[in-house]
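Colleague: Please pick one part of this model and take me through it slowly. I'd like to know what it is built from and what sits around it.

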Amino acid sequence: MKSNKQAFQDYLQFEKKYSPHTVNAYLNDLGFFEEFNKERFGQDSIEKVNYSQIRSWIVFLVDQGVSNVSVNRKMASLKAFYKFLLKIKQIEVSPMLKHKALKTPKIVQIPFSEKEVSDLMFGVESPIGYEEVRDKLIVDLFYTTGMRRAELIGLMFKNVDLSSGVVKVLGKRSKERIVPLLPIVADQINLYIKERERLDQIVDSEYFFISKKGLKLSESFVYRLINCYFSRVSEKVKKSPHVLRHTFATHLLNNGADLNSVKELLGHSSLASTQVYTHNSLAELKKVYSEAHPRNK
């Protein structure tokens, strides 16, 4: 008979379709709480804990210097576990029922400006050779499709359809979405494919982006690539694929795209996630309003 933890793991993996990384994060949080509960209260099972025990873990984590954001993530793991136990009728009441998340500061993600992106694109000389062509295409695809880093790395060769001018992106929880390609990017893709065909060997042939040795790209490589490129034109502290995704959404909204369309392009399941990007759009709108209204002249 499966343990509740094993059943929970299967539920996250097969029903919720979470990524292996996310599943491991949930299980690690449960493991840490199990260990704490055993040492502090001498209790092996976490199925029948009360909220005061959970509260003790929160206090312990905060005393250890764990940030409120990280504590909230661990509490989300516990909440999901006890919600699952309720679902399979292993408990009658969740000990997390009255839990309230710790307060966290609102972090406003600062996107690259349109000038920074323009300076980068026009400042890069015509790429020569496989790696230069690939790297410029990666930057362009991030900015023109809003893909996540994991989505770009996992992009399958068969899902790039130049005849229709679209790419099929596999997002979180294996949710697929179709994203259109700009003609200028389609031209770059054609150039990249020609360079790719000249490689001596291709090991991970199913993936669209590969290294010069024919292997699937790593997350750290893609992060360093974006950081390196944008260091040429931006002094922002954070220069990452996620900032570029944020930039994609902000620039679309600034130029008149409606929120629902941006939501679909980003692959969000709800508008609440997309509304995060309206902060910068509102700032831009206020700037335009201030500069244009006759009463302000």
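Modeller: One bit of vocabulary before we start: the helices and strands here are DSSP runs, with at least four residues for a helix and at least two for a strand, numbered from the N terminus. Keep in mind that this is a predicted model.

Let's take the largest pocket, and come at it from a serine. Ser-240 lies in the loop between H9 and H10. Its relative accessibility is 2%, and buried means under 20%, so Ser-240 counts as buried. Leaving out residues up to four places away in sequence, Ser-240 touches Tyr-223 and Ile-226.

The helices on either side of that loop bring us to the pocket, since H9 (219-230) and H10 (241-254) each supply at least two residues of its lining. The pocket holds about 2,000 Å³ of space. Its lining has 44 residues, and those closest to the centre are Ser-19, Thr-22, Arg-148, Ala-150 and Lys-172. By type, the lining divides into 14 nonpolar, 14 polar and 16 charged residues. Other elements that each give at least two residues to the lining include helices H2 (20-41), H4 (68-87), H7 (149-153) and H11 (259-266), along with strand E3 (176-180).

E3 is worth following, as it leads into a sheet. That sheet is open, has 3 strands in the order E1-E2-E3, and pairs antiparallel. E1 (160-161) and E3 are the edge strands, each pairing on one side only. E2 (166-170) is joined to E3 by 5 bridges, while E1 and E2 pair over 2 bridges. Val-166 is a handy landmark here: it stands opposite Asp-161, and its bridge partner in E3 is Pro-180.

Both connections are hairpins. E1 and E2 have 4 residues between them, and Gly-165 in that turn has a positive phi of about 70°. Between E2 and E3 there are 5 residues, with Arg-173 in the turn at a positive phi of about 55°.

Now the faces. In E3 the side chains alternate: Arg-177 and Val-179 point to one face and are buried, whereas Glu-176, Ile-178 and Pro-180 point to the other and are not. E2 also has two faces, one covered, with Val-167 and Val-169, and one uncovered, with Val-166, Lys-168 and Leu-170.

Back to the helices. Going on from H4, one of the lining helices, you'll find Ser-94 in the loop between H4 and helix H5 (114-123). Its relative accessible area is 12%, so Ser-94 is buried. Not counting residues up to four places away in sequence, Ser-94 touches Tyr-82 and Leu-86. For a sense of scale, the C-alpha atoms of Ser-94 and Val-237 are separated by 41 Å, with the two residues 143 apart along the chain.

One last helix, H6, covers residues 129-145 and has 17 residues. From first C-alpha to last it reaches 24 Å, close to the 24 Å expected at 1.5 Å a residue. Of those 17 residues, 13 are buried, so H6 is largely enclosed by the rest of the structure. Just after H6, Gly-146 takes a positive phi of about 75°.

Technical notes:
Residues numbered from 1 in each chain as written. Predicted model: local features only at pLDDT ≥ 70, side-chain atom pairs only at ≥ 80, totals over all residues. Heavy atoms only, no water. 1 Å grid on protein atoms, 1.4 Å probe; cavity = no way out; pocket = protein on both sides within 12 Å on 5 of 7 lines; lining within 4 Å. Points joined across faces, edges and corners; volume = space filled by probe spheres on them. Nonpolar A, V, L, I, M, F, W, Y, C, P; charged D, E, K, R; others polar. Buried < 20%, exposed > 50% of the residue type's maximum accessible area, 1.4 Å probe, protein only. Contact = heavy atoms within 4.5 Å. Expected span 1.5 Å × (residues − 1). Pairing = 2+ DSSP bridges.
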